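Hi everyone, thanks for making time. Could you pull up the model on your screens so we can walk through a few spots together?

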Amino acid sequence: MNKPKNIKYLLKKFALNRCSDEEIEQIIAYYRDAKIPTEDHPGVEEINDLYIKLPELSQSEANKISSRILKQPKRKKSLLKPNKFRWSYATAAALAGIILIGAFFNHIQNPESSQLIISDEQITLEDNNGSIEKLEEGKETLIKDAQGNTIGFMQGDKLIYNTINEKSPQNPEYNTIKVPFGKKFEISLSDGTRIHLNAGTTIRFPVNFSNLKERQVSLSGEAYFDVTKNKEKPFIVNSHGLNTKVYGTEFNVSAYPNEKYTNIVLVEGSVGLYDDLSTGQTMLVPGELGSYEKYHKNIETRKVPTGVYTSWINGELVFRDATLDEILQKLERHFNVPIVNKSLNNSLETFNANFGDQPVEKVLEYLDRIYEINYKIENNKIIIN
């Protein structure tokens, strides 16, 4: 067929998803019948295969465009032998580009209810008097005590407390840091101990340890500790009934209130685990996990690959033998999105997966493709069916 005089105009309309059915038929017919030559030109079936393979085109967008293209009449089979049929890659790329651009423009021009809107909550600091301050990453902020003395400062995405040599007040002052879902944070305590805080974590600690016999902090959530050595003043983490006592070491604590277990993974050094009823301690060596069952208050240990439990520090999501509910809980915290699981099919199955710094949509697409976990986005929630 002859090239329509308005083909450029039609292609622009197609990219914006504004073509009528008749106009779409003209575009498909033009690309089907254009002599480049004809036997080298891909048909509707090949086009369908092509855009499905495009990595940047989501399945929902592909299906939308596919349904419109596949409404067109299929071309007649070529009389040429199969071994003489060749693709015109330039033509395929041209039409694939139009399909991709059309999907992209349609996505930004016509946002649907299926698009997630993730709220940006702030990390907060609560002082000894109950005053709450928002901590903005990248903003220079001085932290002061009740007397107005500067005790710390923000540096990039870290909060660093001053190392104070003089004695602190008789009644120590405490600060509380709250990290919302979708965020991570790092603090350096006055003794030099560095703590990485994961999403959905709250930690309470003295701003100075000078007049204290022990360095005690309270944790709800997940944190990685790199503790400064001090044999005379042990460091203790209190987390939902379990105490982790150390002198100088690196370890990860996962103690979310809605989870059955509190898990301690030791990377370096040694730690002792005990609760308020214990008469002794359960000791861990590097490469071990201590799992505290909150209801029966018993501790079990086993060897584990520590990298699986500390990968979150670098923004990665790693799952090994994790149930679907465990995965969804982590996704909720990591991305700050509500997820509702209505599926019972995968309740007993465990999964393995490793994600880098990927958006939640990519993670869900992977789980859907590999494990056939069906999902939809509705009213700013992810629904697993």
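So, which residues lie nearest the centre of the second largest pocket? Before I answer, remember that what you see is a predicted model. Okay: E259, N263, Y309, E326 and K330 lie nearest the centre, and the lining has 35 residues in total. The space in this second largest pocket comes to about 1000 Å³.

Where does the lining come from? Several elements give two or more residues each: strands 13 (250–255), 14 (261–268), 17 (288–293), 18 (298–303) and 19 (317–323), plus helix 6 (306–310) and helix 7 (324–335). As for residue types, the lining of the second largest pocket divides into 14 nonpolar, 10 polar and 11 charged.

Keep helix 7 in mind, and let's move on to a sheet. This one is an open sheet of 3 strands, in the order 20-23-22, with mixed pairing. A quick reminder for the first-years: strands of a sheet pair through backbone hydrogen bonds, either parallel or antiparallel. Here, strand 20 (339–341) and strand 22 (375–378) are the edge strands, each pairing on one side only. From one strand to the next, the twist averages 25°.

Now, what does "mixed" look like in this sheet? Strand 22 and strand 23 (residues 381–384) run antiparallel, joined by 4 bridges. In that pair, I377 stands opposite I382 of strand 23. Strand 20 and strand 23, on the other hand, run parallel, with 3 bridges joining them. There you can find N341 standing opposite I384 in strand 23.

Zoom in on the hairpin of strand 22 and strand 23 for a second. It has 2 residues between the strands, and N379 takes a positive phi near 50°.

Which helices pack on this sheet? Helix 7, the one from the pocket lining, touches strand 20 and strand 23, and its direction makes about 165° with that of strand 20. Helix 8 (residues 360–371) packs on the sheet too, touching strand 22 and strand 23, at about 150° to the direction of strand 22.

Last stop: aromatics. Searching the whole structure turns up 5 aromatic pairs. Take F355 and Y366: their ring centres are 5.2 Å apart and their planes sit at 85°, so we call the pair edge-to-face. F355 is in strand 21 (residues 350–355) and Y366 in helix 8, so the pair ties together parts that are 11 residues apart in sequence.

That's my tour, thanks!

Methods:
Residues are numbered from 1 along each chain as its sequence is written. This is a predicted model: local features need pLDDT of at least 70, side-chain atom pairs count only at pLDDT 80 or more; totals for chains, interfaces and linings use all residues. Side-chain values use heavy atoms; hydrogens and water are left out. On a 1 Å grid over the protein atoms alone, a cavity is a set of points where a 1.4 Å probe fits but cannot get out, and a pocket is an open set with protein on both sides within 12 Å along at least five of seven lines; lining residues have an atom within 4 Å of a point. Grid points are joined across faces, edges and corners, and a volume is the space filled by probe spheres set on the points. Ala, Val, Leu, Ile, Met, Phe, Trp, Tyr, Cys and Pro count as nonpolar, Asp, Glu, Lys and Arg as charged, and the others, Gly among them, as polar. Two strands pair if DSSP finds at least two bridges between them. Axes are lines fitted to C-alpha atoms, for helices over the stretch in contact, and angles run from 0 to 180 degrees between N-to-C directions. Contact means heavy atoms within 4.5 Å. Rings of Phe, Tyr and Trp (its six-membered ring) pair if their centres lie within 6.5 Å; planes under 30 degrees apart count as stacked, over 60 as edge-to-face and the rest as tilted.
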